[in-house]
Amino acid sequence: MANHMIQELVQVVEEARKIRKHSGVEYIDWVEVSQQMAKKYPEEYNSKERWRSAYRRATSAEWREQHDRVNQRTTFKRGGATKLQSQMAVYFKSKRTLDDTKKMFNIKENDIFSEVTKMRLLGYDVHLWLEDGTTFLQIMRKVRENTKTFERLYKGREFKIALVSDTHMGQQTRQRSITYIL
């Protein structure tokens, strides 16, 4: 996030400080902050959680240290992955559009394709597909195999299963007695 944006955020937060009527406690109206920042930066990804986190990192050394520690733990999940690739891996756990991805990471379309290609080489199972003219990205999970066996449950028991195929139920010449057996 650019320095001028952080400075604007701090100013907007100071303007959004309010005092609760019943208790007299000061609080920050993050919905108002989000609305003000959306007016100033309409092209940026906008959520009150994003602005709250950015404000805390900008104003609190303790919060910034904690954030950096967490980022260091989660940054290199696979050997050789860059910080951006690791962030994209977390972001792509859900189905995402290419436009949303461009806004989220503030990078060009070609750079996204380049990073996704590098991620695939590192072993991430990132899928790209078109759906009604929109490009989507998602990391697909591998389906776990069911390794349970049910031999114990049915061992020694005999089951009879009846299958009826192609009964032509709607025809006039069908065998009516078969209907009652089922």
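**Briefing on a predicted protein chain**

In this predicted model, confidence in the protein chain is lowest in helix α9 (residues 177-181), with a mean pLDDT of 55, and highest in β3, at 93; pLDDT is the predictor's confidence in each residue, from 0 to 100. The chain averages a pLDDT of 79, and 73% of the residues score at least 70. Where pLDDT is low, the predicted coordinates should not be read in detail.

**Basis**
- Residues are numbered from 1 along each chain as its sequence is written, and side-chain values use heavy atoms, with hydrogens and water left out.
- Local features need pLDDT of at least 70 and side-chain atom pairs count only at pLDDT 80 or more, whereas totals for chains, interfaces and linings use all residues.
- Helices (H or I, at least four residues) and strands (E, at least two) are DSSP runs, numbered from the N terminus.

**Sheet**
- An open sheet of 3 strands runs in the order β3-β5-β4 with antiparallel pairing, where two strands pair if DSSP finds at least two bridges between them.
- The edge strands, each pairing on one side only, are β3 (96-97) and β4 (126-131).
- β3 pairs with β5 (residues 134-139) in the antiparallel sense over 2 bridges, and R96 stands opposite L137 in β5.

**Nonpolar cores**
- The largest nonpolar core (buried Ala, Val, Leu, Ile, Met, Phe, Trp, Tyr and Cys residues joined through side-chain atoms within 4.5 Å; buried means under 20% relative accessible area, with a 1.4 Å probe and protein chains only) has 14 residues, and those with the most contacts inside it are F92, M119, Y124, V126 and I139.
- Two or more residues of this core come from each of α5 (83-91), α6 (98-105), α7 and β5.
- Another core, of 13 residues, lies apart from it and includes M5, L9, V33 and W51.

Terms used:
Buried means under 20% relative accessible area, exposed over 50%, partly exposed in between (1.4 Å probe, protein chains only).
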